[in-house]
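Please look over the two chains shown here and work through the questions that follow, beginning with the place where the chains touch.

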Amino acid sequence: MNQPKMKNKILSLTLLAAFLFSFGIQTRAEGISVDAGLTPAQDRIVVRLQYRNMLNRIGDNDMVMHMMPVVVVYGLSSDVTVMLRNVYRAVGTNETMMEMDNRWMDPFLMGKVKLYRRNTRVYSLGVAGFAGTSFPILNKSVSKTYSPMIGLNASYRPGLWSFDLNNAYEWVNYNTVENQSTARQLQVNLAVSRNIILTGIENWVLAPVQEFSFVRNNPVFGESSSFGFISPGFQLVSPHVKFESLYQIAVNSSGNSGLKNGNRFIVGLRFMF
Amino acid sequence: MSTTANSVFAASSEKPVFVSEKDTTQNSIVCYEVYGMDCPGCQSALEKQVKKIDGVADAKASFKEKQVIVELKAGANVSEEEIEKRIKKANFTPGKKIEPAKNEE
C-alpha cells in the first residue's frame with residue numbers, strides 16, 4: 001500500500017472512530033450523581049426526566065444537540081436495583097459533516113448491587129457496584145454495537161453534607177463481530193453537595209451541588225485524550241419530587257484534537273414513588 | 001396522626017409485640033430512631049415500606065429528627081421485628097424505640 005492511500009485510510013478510520021465515539025458520549029447519564037453509592041429501598045420506583053443542551057465542536061464547526069434522557073429505576077430488593085434508560089436526541093445546529101437525525105438512541109440497561117452500607121447517627125457510607133450495557137434493539141442502531149460498562153460508586157454523608165464518587169469503565173460501541181470496541185473510556189465523577197433546610201417550607205430541601213468529572217478516552221484509532229467538566233448546580237428535594245439543574249463547564253485537554261466538548265446545561269425532574 | 005399512645009408491650013411473647021388496647025377504637029403510636037436518612041426523599045421511601053405492614057395505619061418519617069412515627073390500627077399486633085425489617089428494607093438502620101420528638105415549628 002502506498003503512502004497517500006495509507007494516510008487516507010488512517011484519516012477515514014479516525015473520522016469513523018470520532019463519529020461512533022460521539023454517540024457514546026452523548027448518551028451517558030453523567031451529571032447530578034449525588035446518590036450513586038446508595039441503593040434505593042425495595043420496591044422504590046424512580047422516574048427521571050432530563051433535558052440537556054449540549055455543544056460539541058469539530059474544528060470550527062459547532063454541533064448543538066438537545067438530549068432528553070428518560071430513566072426508570074426499580075428497587076428489586078434493598079440490595080439490587082435495576083435501571084433502564086433511553087435518550088431522545090434532537091439535533092439543533094450541525095455544521096459538521098456528520099449526518100445526525102432526530103431519534104431515540106439505543107436503550108441502556110443497568111444493574112446496581114449494594115456492596116457495603118453503614119448508617120450511624122453521625123454519617124452514612126455506601127458502596128455499590130454496577131454493570132450495564134446499551135443494546136441495539138432499534139433498527140437505526142449504530143453498527144449493531146453494545147456499550148458495556150462496569151463501575152464502582154461510593155457515597156459518604158456526614159450530617160447535611162454529601163460526597164459521591166463514581167468510577168466507570170466503558171467499552172464504547174463494542175462490535176461483537178469484530179470483537180472490539182471503538183474506544184475504552186474511564187470516567188470519574190465527584191459530586192459534593194450540602195442540604196440546606198428551608199425554613200417555612202416543610203419537607204423541602206435545597207442542595208447546592210458541585211461536580212467534577214474526568215473522562216479518559218482511549219480510541220482504537222487515533223490519539224488518547226482527556227476531558228472533563230466542572231459543574232455547579234443545585235437540587236430542590238421534596239419527598240416525591242426532585243428538581244435538579246447543572247451547568248457543565250467543559251475542560252478539554254490539549255491532546256483532544258478531534259471532537260471537543262463545549263459547555264452543557266442540564267435541567268431535570270425526578271419522581272419518586 | 002394522633003399522638004395518644006395506647007399501646008401496651010406484650011412481654012409474654014418471644015419477640016416484642018406492640019398490641020393496641022382492644023377496648024378502644026383509638027389507634028396507637030410507636031416511634032423508632034432511624035439512621036441513614038438524609039433528605040425528604042428518604043422519608044417517603046421509609047414511609048412506603050412501613051405502611052406495608054399489616055396493622056399499620058400510617059407512618060411519618062423525619063430525616064431531621066432521625067425517626068419514624070408509626071401509627072398502629074386499634075387492636076393490631078405488630079412485632080418490633082417486623083418494623084425493624086421494613087426499616088432495613090428501605091436501606092436504613094433502626095435504632096432504639098423512643099418517645100416521638102415534639103415538633104416545635
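**Contacts between the chains, and one helix**

Q: How many residues of chain B are in contact with chain A, and which element supplies the largest share of that side?
A: In this predicted model, 24 residues of chain A are in contact with 18 residues of chain B. On the side of chain B that touches chain A, α1 and α2 of chain B each supply at least two residues. The largest share there, six residues, comes from α1(B).

Q: By class, what residues make up the side of chain B that touches chain A?
A: Taking that side of chain B by class, one finds five charged residues alongside six nonpolar and seven polar ones.

Q: Why do the buried residues of α2(B) line one face of the helix?
A: The helix α2 of chain B spans residues 80–89, and its buried residues are B:Ile83, B:Arg86, B:Ile87 and B:Lys89. An α-helix has 3.6 residues a turn, so residues three or four places apart point the same way. Seen down the axis of α2(B), the buried residues line one face because they fall within an arc of 160 degrees.

Q: What covers the buried residues of α2(B)?
A: The cover over the buried residues of α2(B) includes elements of chain B, among them the helix α1 (40–50). It also includes the strands β3 (28–35), β5 (67–72), β6 (77–79) and β7 (93–97).

Q: Which residue with a positive phi follows α2(B)?
A: After α2(B) comes a residue whose phi is positive, near 70 degrees, and this residue is B:Asn91.

How values were computed
Residues numbered from 1 in each chain as written. Chains lettered and ligands numbered in written order. Predicted model: local features only at pLDDT ≥ 70, side-chain atom pairs only at ≥ 80, totals over all residues. Buried ≥ 20, exposed ≤ 12 C-beta atoms within 10 Å, placed from the backbone. Helix = DSSP H or I, 4+ residues; strand = E, 2+ residues; numbered from the N terminus. Arc of directions from axis to C-beta. Contact = placed C-beta atoms within 7 Å. Nonpolar A, V, L, I, M, F, W, Y, C, P; charged D, E, K, R; others polar.
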